[in-house]
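Visitor: Hi! Could you walk me through this structure?
Guide: Happy to; here it is.

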Amino acid sequence: MPRPTTTPRWLARRRESTEAVANVYVFAHAGGSVGEYLMWADDLTDLRVWGVRLPGRSARLAEPPYHRLEPLVDDLTAQVSFAGPSVFLGHSFGALVAYETARALHRKGREGPGHLILSSCPPPHVIGTGRREAPLAGLPDDELLAAVEERWGPLSDQVHDDPRLRKLVLDPLRCDLGVLEAYEHRPGPRLPVPVTLLCGTEEADRLSLDGWSDHLEHVTERLCLPGGHFHFRADRAPLLDVVRDRARSLVTTQRTGAPT
């Protein structure tokens, strides 16, 4: 199976998989680094799990972050070749990045994902000019921390107690929230890629996924997995079962030409 070609800073992996049948590219939540997602490679042994690393955090801490989504996607798609059968998995903010990356690849006639998994993310027109939530990016640290925990759940006690750790957490989070708040969805053809939409059972009553069908041709399934916004942190098995199933189905489809 072909591997992506890239400058090393954009992609990270936990280990090589000699049995890999497909690539899984993971796009992290707002402010997140890819470390916790790369641990999934221990369970997805027949898949090659890549974390998409953004500047301004973790191994790319010294690099200036992006403040708008369009140049981020432009640079990512210019510098990474998404080769071979692949699934894009994005969570929350990362789902929007995954969606726009897939759109850009399709628009340019480039190889892109054979399946998208979009987790805990409202449709693009809601995130953009129609967003209903109050801006967060400009709040002082204490207010930002409180607002984030109210919306998406508590952070660790260390974030509250350690000023240096708090800065490492809040700086990229503030930046990504600013990207979301500046985002304007550009209408275009619906993306012709099969898509799985996910959310946590505890957030299902306040997170509407209905509008995604306006932007996607093939929503193949909508699932609510046990838990809240970070449903995979308590038990990652349900999500990884979805990833494994969709990746294997993709490979089978590409080999046989059968529908997914």
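Guide: We can talk about pockets, a helix and cysteines.

Visitor: What should I know about the source before we start?
Guide: This is a predicted model, where local features need pLDDT of at least 70 and side-chain atom pairs count only at pLDDT 80 or more, while totals for chains, interfaces and linings use all residues. Residues are numbered from 1 along each chain as its sequence is written, and side-chain values use heavy atoms, with hydrogens and water left out.

Visitor: What volume does the largest pocket have?
Guide: About 1,000 Å³. A pocket here is an open set of points on a 1 Å grid over the protein atoms alone, where a 1.4 Å probe fits, with protein on both sides within 12 Å along at least five of seven lines. Points are joined across faces, edges and corners, and the volume is the space filled by probe spheres set on them.

Visitor: Which residues lie nearest its centre?
Guide: S92, R151, W152, H229 and F230, out of 39 lining the largest pocket; a lining residue has an atom within 4 Å of a point.

Visitor: And which helix gives the largest share of that lining?
Guide: α7, with five residues. Helices are DSSP runs (H or I, at least four residues), numbered from the N terminus.

Visitor: How does that lining divide by class?
Guide: The largest pocket has 19 nonpolar, 11 polar and nine charged lining residues. Ala, Val, Leu, Ile, Met, Phe, Trp, Tyr, Cys and Pro count as nonpolar, Asp, Glu, Lys and Arg as charged, and the others, Gly among them, as polar.

Visitor: What about the second largest pocket, by class?
Guide: Its lining has seven nonpolar, no polar and eight charged residues. The volume of the second largest pocket is about 390 Å³, and E70, E100, Y183, E184 and R186 lie nearest its centre. Helices α2, α3 and α7 each supply at least two residues of that lining.

Visitor: Is α3 mostly covered or mostly uncovered?
Guide: Mostly covered: 13 of the 15 residues of α3 are buried, meaning under 20% relative accessible area with a 1.4 Å probe, protein chains only. After α3 comes G109, whose phi is positive, near 70°.

Visitor: Switching topic: how many disulfides does the search find?
Guide: Zero in the whole structure, a disulfide being a pair of cysteine sulfur atoms within 2.5 Å. For C121, the nearest cysteine sulfur, in C199, is 12 Å away.

Visitor: Why is C224 not bonded to C199?
Guide: Their sulfurs are 3.3 Å apart, which is too far for a bond. C224 is partly exposed, at 45% relative accessible area; that class runs between the buried limit and 50%, above which a residue is exposed.
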